[in-house]
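Student: Hi! Could you walk me through this one before I head back to the bench?
Tutor: Happy to. Have a look, then ask away.

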Amino acid sequence: PQLGADGSGTFGNGDVFSLTLSAGGEYVSMTDYTMPSTSLYWEDLKLPEGTTDVSFSGCYPKYEEGLGHTFVFNVNLAEGEEKDLLLAPAVDVKVGNTAPVQLPFYHAMHKLEVKYKSTDYSEDELKAIETTLSGAAECTVDLITGSISDAVSTVREDYSPQTGKEISVLVVPQEKSNVSLQIKIGGETKIYNLAGLPQETAEGQDISRLEGGKKLVIELNISKSGITIGGVTIQGWGTQGNVSGDITIG
């Protein structure tokens, strides 16, 4: 998908996502939907007798049919763009409807950005900071609802280390108290627990949790004696955009 800096964008020609069909909360089928248009027909959907309403939901990257409608997603094991799991919540449709079905995809993970400042360390030392996030890395994805659960457990894993004075990590949504940062700078290692963040930003936004589809930006001041908060903001990360006018049911 073609994404802007705010996380919004569109699917391109040839992009494939999983389209899940359910009825009454029960799984019916799943199909690969290829952009810009895959034609679907009601008579081919093999709906249970008497079905009057169905739901469509989406998942990108696509998921292999036959493996069940729920699966455990580990953001730490995913590679490249697959870390950015995109889901479209279930949309209800009347059987026989021929109008376009709109699927508003969103980013299922949380985006945590950390920026470092210091008067004790040089610019080169700041650029060489190695940050390793520790926290839950797994959640359960429900393809029927197009949603994820909270982290599967509070078992913490080390995410892949990142180097730089500004880093960005895709994190499974979870309580902030379960997340910490290991910061290596100038031959020293410092630990910062997100539990030390305030409950709200200066604008009154709740930051007790790292929520999916949102971006938390933390500015940390590092000194020889410790780490202090320079600023905290939470922003909407945006959505993938709507898939509209392309899912044709005739």
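**Cysteines, cores and a lysine**

Student: How many disulfides are there?
Tutor: The count is zero disulfides, and keep in mind that this is a predicted model.

Student: Okay, why no bond for Cys 59?
Tutor: Its closest cysteine sulfur is in Cys 139, 11 Å away, which is too far for a bond, because a disulfide needs the two sulfur atoms within 2.5 Å.

Student: Is Cys 59 buried or exposed? And what about Cys 139?
Tutor: Cys 59 is buried, at 1% relative accessibility. Cys 139 is buried too, with a relative accessible area of 0%.

Student: Switching topic: which residues have the most contacts inside the largest nonpolar core?
Tutor: That core has 45 residues, and the ones with the most contacts inside it include Phe 73, Met 109, Ile 183 and Leu 220. Among the strands that each supply at least two of its residues are β7 (70-74), β18 (180-185) and β21 (214-222).

Student: Any other core you'd point out?
Tutor: Yes, another core of 19 residues lies apart from it, with Phe 11, Leu 21, Ala 23 and Met 35 among them.

Student: Back to Ile 183, what is it in contact with, leaving aside neighbours within four places in sequence?
Tutor: Its contacts include Tyr 116, Ile 129, Tyr 192, Leu 220 and Ile 227. Glu 130, Glu 188 and Lys 190 are also among them.

Student: And where is Lys 215?
Tutor: Lys 215 sits in strand β21.

Student: Buried or exposed, that Lys 215?
Tutor: Lys 215 is buried, since its relative accessible area is 12% and the cut-off for buried is under 20%. Leaving aside neighbours within four places in sequence, Lys 215 is in contact with residues including His 110, Glu 113 and Trp 237.

Methods
Residues numbered from 1 in each chain as written. Predicted model: local features only at pLDDT ≥ 70, side-chain atom pairs only at ≥ 80, totals over all residues. Heavy atoms only, no water. Buried < 20%, exposed > 50% of the residue type's maximum accessible area, 1.4 Å probe, protein only. Core = buried A, V, L, I, M, F, W, Y, C linked by side-chain atoms within 4.5 Å. Helix = DSSP H or I, 4+ residues; strand = E, 2+ residues; numbered from the N terminus. Contact = heavy atoms within 4.5 Å.
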